[in-house]
2 protein chains.
Amino acid sequence: MHPKLRRLAVTAAAAALATASLAALAQQAPKPEQLIKWRQSAFQVVAWNAGRIKASLDGGYNKDEVIRASNAIAAIAGSGLGGLFAPGTEQGKGWHDTAAKPELFQDGAKAAERAGEFNKEAAELAKVAANGDPAAVKAQFAKLNRTCKGCHDDFRRID
Amino acid sequence: MHPKLRRLAVTAAAAALATASLAALAQQAPKPEQLIKWRQSAFQVVAWNAGRIKASLDGGYNKDEVIRASNAIAAIAGSGLGGLFAPGTEQGKGWHDTAAKPELFQDGAKAAERAGEFNKEAAELAKVAANGDPAAVKAQFAKLNRTCKGCHDDFRRID
């Protein structure tokens, strides 16, 4: 084969491989609707567990229940939720239309800061819960709730 | 007041209190639709994180990603998901119609056994992931997946 032809063939083969890889990647990458569904699910699981902690604080403290619920919130807060707010998910429907404001995607630094606060206070709650002092849990749970509210105020639409 | 009348008044007051307490309890207790929504959400978050672990094992192992994802699965598996399958949630719609088979509610012992296996293998995966050996993670992830499949075969409808 002529060297020029061989180069062309190699280039064409490389291009075909790259296209195939991109296609495989595109196939693997979850669709925006799936990402939105997952993030809505993650916050639902957080809400479930926050409700269990609140119920325990409001009456009949159950240490094991609070530990389990706090661990679940901490693990979700620390799971890398940012990946579920990938480009392409600014709008769209998961279980329902996304409630994320455009600002969340426009101000990545602030969003990361808010996520970091949530992660920090959730990890702290898991530690405090393990010690089993309801008053300390109540105080830390309030701190955690403030990070939820802060982020919602900035980045969640109220319809 | 005549003793008989007093007894009657006391009984009536106690009955009124009991009714009020039950009403308050009913108000606090999440509705079946909410419980179904939460359990569907919890398994979605498990699926998200299982997908991340699989992607890491399939190419370009990311230790931190696998740790975060494994921790999230372990915390959810250990969170007490059984409470989301409370009586009254045998049928109904959360995000969608429940896929739980009647057998799940009829054979509580078997369901608890399946949940225990899931919890055990998920906790083990979180430990193995922390060590960062991809081959060990792959083997333990396969064990975890078998507990998912086992439970789905027994208790999840395929529509």
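The following exercises, each with a worked solution, concern a predicted model.

**Exercise 1.** Determine how helices α2 and α3 of chain A are oriented relative to each other, and describe their contact.

*Solution.* Begin with the geometry. Helix α2(A) covers residues 32-58 and helix α3(A) covers residues 63-77; their axes come within 9 Å and cross at roughly 150°. Next, apply the cut-off: angles over 145 degrees count as roughly antiparallel. The two helices, α2(A) and α3(A), are therefore roughly antiparallel to each other. The crossing in which α2(A) passes α3(A) is left-handed. Then identify the residues involved. On α2(A) they include Ala42(A), Val45(A), Val46(A) and Ile53(A), and on α3(A) they include Val66(A), Ala69(A), Ile73(A) and Ile76(A). Finally, classify the residues of this contact: 10 are nonpolar, 3 are polar and 3 are charged.

**Exercise 2.** Carry out the corresponding analysis for helices α5 and α6 of chain A.

*Solution.* Helix α5(A) spans residues 108-131 and helix α6(A) spans residues 134-155; they pack at an angle of about 165°, with their axes 9 Å apart. As a consequence of this angle, α5(A) is roughly antiparallel to α6(A). The handedness of their crossing is left-handed. Among the residues that meet are Phe118(A), Leu125(A) and Val128(A) in α5(A), and Phe141(A), Leu144(A) and Cys148(A) in α6(A). The contact of α5(A) with α6(A) divides into 13 nonpolar, 3 polar and 7 charged residues.

**Exercise 3.** Establish how many disulfides there are over all chains, and examine Cys148(A) and Cys151(B) individually.

*Solution.* The criterion requires a pair of cysteine sulfur atoms within 2.5 Å. By this criterion, the count over all chains is 0 disulfides. For Cys148(A), the nearest cysteine sulfur belongs to Cys151(A) and is 8.4 Å away, and Cys148(A) is in no disulfide. For Cys151(B), the nearest cysteine sulfur is that of Cys148(B), 8.4 Å away, and Cys151(B) is likewise in no disulfide. As to its surroundings, Cys151(B) has a relative accessible area of 24% and is partly exposed.

**Exercise 4.** Locate Tyr61(B), state its exposure and list the residues that it touches.

*Solution.* First, the location: Tyr61(B) lies in the loop between α2 (32-58) and α3 (63-77) of chain B. Second, the exposure: the relative accessible area of Tyr61(B) is 25%, and partly exposed is the class between 20% and 50%. Tyr61(B) is therefore partly exposed. Third, the contacts: leaving aside residues up to four places away in sequence, Tyr61(B) touches Ser56(B), Val66(B), Gly132(B), Pro134(B) and Val137(B). Lastly, a distance: Arg114(B) is 53 residues from Tyr61(B) along the chain, and their C-alpha atoms are separated by 29 Å.

Technical notes:
Residues numbered from 1 in each chain as written. Chains lettered and ligands numbered in written order. Predicted model: local features only at pLDDT ≥ 70, side-chain atom pairs only at ≥ 80, totals over all residues. Heavy atoms only, no water. Axes fitted to C-alpha atoms, helices over the stretch in contact; angles between N-to-C directions. Helix = DSSP H or I, 4+ residues; strand = E, 2+ residues; numbered from the N terminus. Parallel < 35°, antiparallel > 145°, perpendicular 65-115°, else oblique. Left-handed = near helix turned anticlockwise from the far one by under 90°. Contact = heavy atoms within 4.5 Å. Nonpolar A, V, L, I, M, F, W, Y, C, P; charged D, E, K, R; others polar. Buried < 20%, exposed > 50% of the residue type's maximum accessible area, 1.4 Å probe, protein only.
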